[in-house]
Amino acid sequence: MSRRAGSAGSTSTLAFVESPVQLLNVLEWAHAQAPGAGLTLVVLSPTDPMTRGQLRRMAELAREEGHRVRWEEARGGPAAPFQTIGGLAGMLRRADRIVLGDPFSRYVQLLLTITKARDLVVVDDGTATMEFVAQLARGERLVRWHRKGGRPGARDLIFAPVSSKARRRLTPSARRRVAIFSSMPMDETPPGVTVHANDFSWTRFRFGPPRITKGADMVGTSLVETGVVDNEHYLEAVRSLAKTHGATRYFAHRRESAEKLHRLAVETGLQIVRPDLPLELIARRGPVGRTILSFPSTVVHTLPLALAGTEVRVAVCDIDPAWLTEHASPRAQGFLSGVTGTARDVTRLQTVSAVPVV
């Protein structure tokens with residue numbers, strides 16, 4: 001299954017990732033679009049322990065595939081960004097192709113201003129990819145969907161020239177080709193941008209098929225942590241879904257807080273599972289419930305692809321507008337509804353009652 005780095009082709013490819021899902025989708029891109037070619041994968045490591053642990057595991061898989069992994073403690077102190085960027089500058093200038101997982105990342109945007117690569121590839125980063133494509137097509141500034149509608153902060157204004165230059169670099173021209181590799185639906189495609197479908201063929205090739213249990217599993221979301229959904233409404237919605245569908249396990253999102261997860265375990269009886277790999281790989285390896293319950297998120301698009309050919313059913317429950325916080329972006333409800341509405345091969349569930357118990 002593994003490949004020898006650099007065994008085919010002479011193109012120098014540099015990939016930047018900051019999350020386990022981004023690294024997974026770089027491996028999917030390499031399997032589908034650049035078979036046999038070794039990449040240099042640069043991990044811009046975050047500080048969150050769970051994310052770092054998943055990235056370590058994914059880095060091991062990348063090495064097994066024949067890719068070189070360079071781990072950067074990019075957030076390891078005030079001097080870390082300068083050391084990281086300085087150490088990567090030469091590689092950036094020499095690279096023929098740059099693959100990146102998060103065009104909204106300020107780190108990635110800064111690195112984009114250095115590179116002279118003729119080929120840029122944005123790999124799947126879930127729902128963020130949908131928003132990136134729409135903003136690029138409309139010529140808008142790059143802002144994460146859950147922050148859109150708010151006034152730019154001081155850091156946003158200071159960083160604006162860099163962000164603007166990065167957006168220009170991500171716009172196709174006579175000197176630069178731009179491609180997107182994604183499993184997400186896209187209503188608007190920027191002129192000149194090439195889109196390739198991510199069907200999770202590498203995941204299916206490497207893992208499974210899984211053993212399927214009779215019960216249901218639930219997938220967690222970080223919508224509370226990002227300030228979109230009220231915590232009490234979310235807890236009650238999870239409790240209602242688990243009771244209705246007989247769920248026994250709750251796969252936590254890597255950004256969910258320990259306090260919230262503790263309350264979920266105590267108040268719902270669900271077994272909280274902190275996955276050591278992206279959920280697509282966890283589900284494909286199994287065991288996995290016959291039904292997977294989710295709120296609107298990337299997994300309602302990716303899990304049906306990763307689990308293609310199995311009898312697992314993915315079911316999604318919409319977010320009731322009443323669950324949103326007063327700080328939620330004005331676009332939140334429409335965006336989340338769009339995530340659900342465009343998902344293929346999923347079962348739509350009726351929105352559950354989530355009135356907090358007083």
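User: Axes are lines fitted to C-alpha atoms, for helices over the stretch in contact, and angles run from 0 to 180 degrees between N-to-C directions. At what angle do helix α8 and helix α9 pack?

Analyst: The model is predicted. Helix α8 covers residues 231-245 and helix α9 covers residues 258-268. Their axes are 10 Å apart, and the packing angle is about 40°.

User: Which word describes how α8 and α9 lie to each other, and is their crossing left-handed or right-handed?

Analyst: Angles under 35 degrees count as roughly parallel, and 65 to 115 as roughly perpendicular. The angle here is about 40°, and α8 and α9 are therefore oblique to each other. Their crossing is right-handed.

User: Which residues of α8 and α9 meet, and how many of the residues in this contact are charged?

Analyst: From α8 come Asn231, Glu232, Tyr234, Leu235, Val238 and Arg239, which meet Lys260, Arg263, Leu264, Glu267 and Thr268 in α9. Sorted by type, the residues of this contact include four nonpolar and two polar. The number of charged residues is five.

User: How do the axes of α1 and α2 cross, at what angle, and which word describes the pair?

Analyst: Helix α1 spans residues 20-33 and helix α2 spans residues 49-64. The two axes come within 9 Å and cross at roughly 15°, in a left-handed crossing. Angles under 35 degrees count as roughly parallel. The description of α1 and α2 is therefore roughly parallel.

User: Which residues make the contact of α1 and α2, and how many of them are charged?

Analyst: On the α1 side the contact is made by Pro20, Leu23, Leu24 and Leu27, and on the α2 side by Thr51, Gln54, Leu55, Met58, Ala59 and Ala62. Eight of these are nonpolar and two are polar. The number that are charged is no residue, or none.

User: How far apart should the ends of α1 be, and how far apart are its end C-alpha atoms?

Analyst: Helix α1 has 14 residues, and at 1.5 Å a residue these should span 20 Å. The distance between its end C-alpha atoms agrees with that, at 20 Å.

User: How many residues of α1 are buried?

Analyst: Buried means under 20% relative accessible area. The buried residues are Pro20, Gln22, Leu23, Leu24, Asn25, Val26, Leu27, Glu28, Trp29 and Ala30. Helix α1 is mostly covered, and of its 14 residues the buried ones number 10.

User: Why is α11 largely enclosed, and which elements do its buried residues pack against?

Analyst: Helix α11 runs over residues 299-306, and seven of its eight residues are buried, so the helix is largely enclosed by the rest of the structure. Those buried residues are Val299, Val300, His301, Thr302, Leu303, Pro304 and Ala306. They pack against α7, β8, α10, β11, β12 and α12.

User: Which residue pairs are joined by a cis peptide bond?

Analyst: Most residues other than glycine have a negative phi, and most peptide bonds are trans. One cis bond, with omega about 5°, leads to Pro209 in the loop between α7 and β8. Another, with omega near -5°, leads to Pro287 in the loop between α10 and β11. The pairs are Gly208 and Pro209, and Gly286 and Pro287.

User: Phe200 and Asp345 each have a positive phi; is each buried or exposed?

Analyst: Phi is about 60° at Phe200, in the loop between β7 and α7, and about 60° at Asp345, in the loop between α12 and β13. Relative accessible area is 1% for Phe200 and 71% for Asp345. Phe200 is therefore buried, whereas Asp345 counts as exposed.

User: Where does Ala247 lie, and what separates its C-alpha atom from that of Gly289?

Analyst: Ala247 lies in strand β9 and is buried, with a relative accessible area of 12%. Leaving aside neighbours within four places in sequence, Ala247 is in contact with Ala216, Met218, Ala242, Leu270 and Leu293. Gly289 is 42 residues away along the chain, and the C-alpha separation is 8.5 Å.

User: Is Glu256 buried or exposed, and how far is Glu256 from Arg274, C-alpha to C-alpha?

Analyst: Glu256 sits in the loop between β9 and α9 and is buried, at 3% relative accessible area. Not counting residues up to four places away in sequence, Glu256 touches several residues, including Tyr234, Leu264 and Arg274. Glu256 and Arg274 are 18 residues apart in sequence, and their C-alpha distance in space is 9.8 Å.

Terms used
Residues numbered from 1 in each chain as written. Predicted model: local features only at pLDDT ≥ 70, side-chain atom pairs only at ≥ 80, totals over all residues. Heavy atoms only, no water. Helix = DSSP H or I, 4+ residues; strand = E, 2+ residues; numbered from the N terminus. Parallel < 35°, antiparallel > 145°, perpendicular 65-115°, else oblique. Left-handed = near helix turned anticlockwise from the far one by under 90°. Contact = heavy atoms within 4.5 Å. Nonpolar A, V, L, I, M, F, W, Y, C, P; charged D, E, K, R; others polar. Expected span 1.5 Å × (residues − 1). Buried < 20%, exposed > 50% of the residue type's maximum accessible area, 1.4 Å probe, protein only.
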